[in-house]
Amino acid sequence: MATTTRPQQDPAPHAEAHEPALDEHTASALRLWVIMSRAQAAVTAQASADVARHGLTLAEFGIIEALYHRGPMLLGEVQKRILVSSGGITFLVDRLTAKGLVERRSCEYDRRARYAALTDKGTALVAEIFPEHAAVVARAMAAITPDEQQQVANALRTVGRAAAGLNT
């Protein structure tokens with residue numbers, strides 16, 4: 001009978017590794033950053049896989065979901081809401097337009113401005129897939145209670161606002 005050895009949980013660092021000289025506060029902040037990043041990547045993977053079943057990227061879904069729940073928006077507003085570059089929003093809206101899900105509309109007050117709006121096909125798609133997508137995200141977050149989710153959301157909002165105000 002063959003025996004297997006279990007890998008060590010925390011192997012000793014390699015002889016050429018350099019241990020950072022950090023104070024406790026900085027080390028804690030770096031650990032939190034890594035944990036947040038890994039958690040975000042894991043939840044994103046679940047959400048991405050869900051929308052990919054419908055031929056969409058997560059960014060494309062973000063646009064049509066925002067338009068569904070907020071109505072037509074200026075492209076700049078959509079860009080800020082889903083956190084992409086101005087070139088990225090143009091590319092994504094072009095793709096959604098080609099799929100027949102989004103249309104561009106002129107702004108009556110500013111000829112340079114353009115609105116993005118869902119087509120009937122886009123509205124029907126989001127209405128169909130959003131409830132299941134929301135359930136996928138809820139399952140991905142189910143390791144903590146709704147009260148804990150609210151506490152984490154409040155803490156992360158505070159961190160985000162503080163970090164946004166820093167001069168780097």
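1. Leu83 is found in the loop between α3 (75–82) and α4, and in this predicted model the residue draws attention for its backbone, since phi of Leu83 is near 60°, a positive value in a residue other than glycine. As for its surroundings, Leu83 has a relative accessibility of 73% and therefore counts as exposed, the cut-off being over 50%.

2. The two helices that this loop joins, α3 and α4, have axes that come within 9 Å and cross at roughly 105°, and α3 and α4 are therefore roughly perpendicular to each other. On the α3 side the contact involves Leu75, Val78, Gln79 and Ile82, which meet Ser86, Ile89, Leu92 and Val93 in α4. Sorted by class, the residues of this contact of α3 with α4 are six nonpolar and two polar, with no charged residue among them.

3. Helix α4 (residues 86–98) also packs against α2, and here the axes come within 10 Å and cross at roughly 80°, which makes α2 roughly perpendicular to α4. Ala59, Glu60, Ile63 and Ile64 of α2 make the contact together with Ile89, Leu92, Val93, Arg95 and Leu96 of α4. Seven of the residues in the contact of α2 with α4 are nonpolar and two are charged, while none is polar. Ile89, Leu92 and Val93 deserve a second look on the model, as they take part in the contact with α3 and also in the contact with α2.

4. A further crossing involves α2 and α5, whose axes come within 10 Å and cross at roughly 105°, so that α2 is roughly perpendicular to α5. From α2 the residues are Leu58, Phe61, Ile64, Glu65, Tyr68 and His69, and they meet Thr123, Leu125, Val126, Ala127, Ile129, Phe130 and His133 in α5. The class count for the contact of α2 with α5 is nine nonpolar, three polar and one charged. Ile64 of α2 is listed in this contact and likewise in the contact with α4.

5. Within α5, Val126 is a useful residue to inspect, because its relative accessibility of 0% falls under the 20% cut-off and Val126 thus counts as buried. Leaving out residues up to four places away in sequence, Val126 touches Ile64, Glu65, Tyr68, Leu118 and Pro131. One of these partners, Tyr68, is 58 residues from Val126 along the chain, yet the C-alpha atoms of the two are separated by 7.0 Å.

6. His133 is found in helix α5 as well, and with a relative accessibility of 7% this histidine counts as buried. When residues up to four places away in sequence are not counted, His133 touches Leu58 and Phe61 as well as Ala47, Asp50 and Val51. Of these, Ala47, Asp50 and Val51 are among the buried residues of α1, whereas Leu58 and Phe61 are in the α2 part of the contact with α5.

7. Turning to α1 itself, the 29 residues of this helix (residues 24–52) should span 42 Å at 1.5 Å a residue, and the end C-alpha atoms are 41 Å apart, which agrees. At the N-terminal end, Asp23 acts as a cap, with a side-chain oxygen 3.0 Å from the backbone nitrogen of His25. The buried residues in α1 are Ala27, Val43, Ala47, Asp50 and Val51, and what covers them includes α2 (58–70) and α5 (120–140).

8. Ahead of α5, Thr119 sits in the loop between β3 (114–118) and α5, and because its relative accessibility is 15%, Thr119 counts as buried. Its side chain makes two polar contacts to the backbone that can be checked directly on the model: the side chain of Thr119 reaches the backbone oxygen of Gly100 at 2.6 Å, and a polar side-chain atom of Thr119 lies 3.1 Å from the backbone nitrogen of Gly122. Apart from neighbours within four places in sequence, Thr119 is in contact with Gly100, Leu101, Val102 and Glu103.

9. A last point concerns Gly165, which lies in the segment after α6 (146–164). With a relative accessibility of 58%, Gly165 counts as exposed. The C-alpha atom of Gly165 is separated by 29 Å from that of Ala45, a residue 120 places away along the chain.

Key:
Residues numbered from 1 in each chain as written. Predicted model: local features only at pLDDT ≥ 70, side-chain atom pairs only at ≥ 80, totals over all residues. Heavy atoms only, no water. Helix = DSSP H or I, 4+ residues; strand = E, 2+ residues; numbered from the N terminus. Expected span 1.5 Å × (residues − 1). Buried < 20%, exposed > 50% of the residue type's maximum accessible area, 1.4 Å probe, protein only. Contact = heavy atoms within 4.5 Å. Polar contact = N/O pair within 3.5 Å; in protein donor to acceptor, adjacent residues only side chain to side chain. Axes fitted to C-alpha atoms, helices over the stretch in contact; angles between N-to-C directions. Parallel < 35°, antiparallel > 145°, perpendicular 65-115°, else oblique. Nonpolar A, V, L, I, M, F, W, Y, C, P; charged D, E, K, R; others polar.
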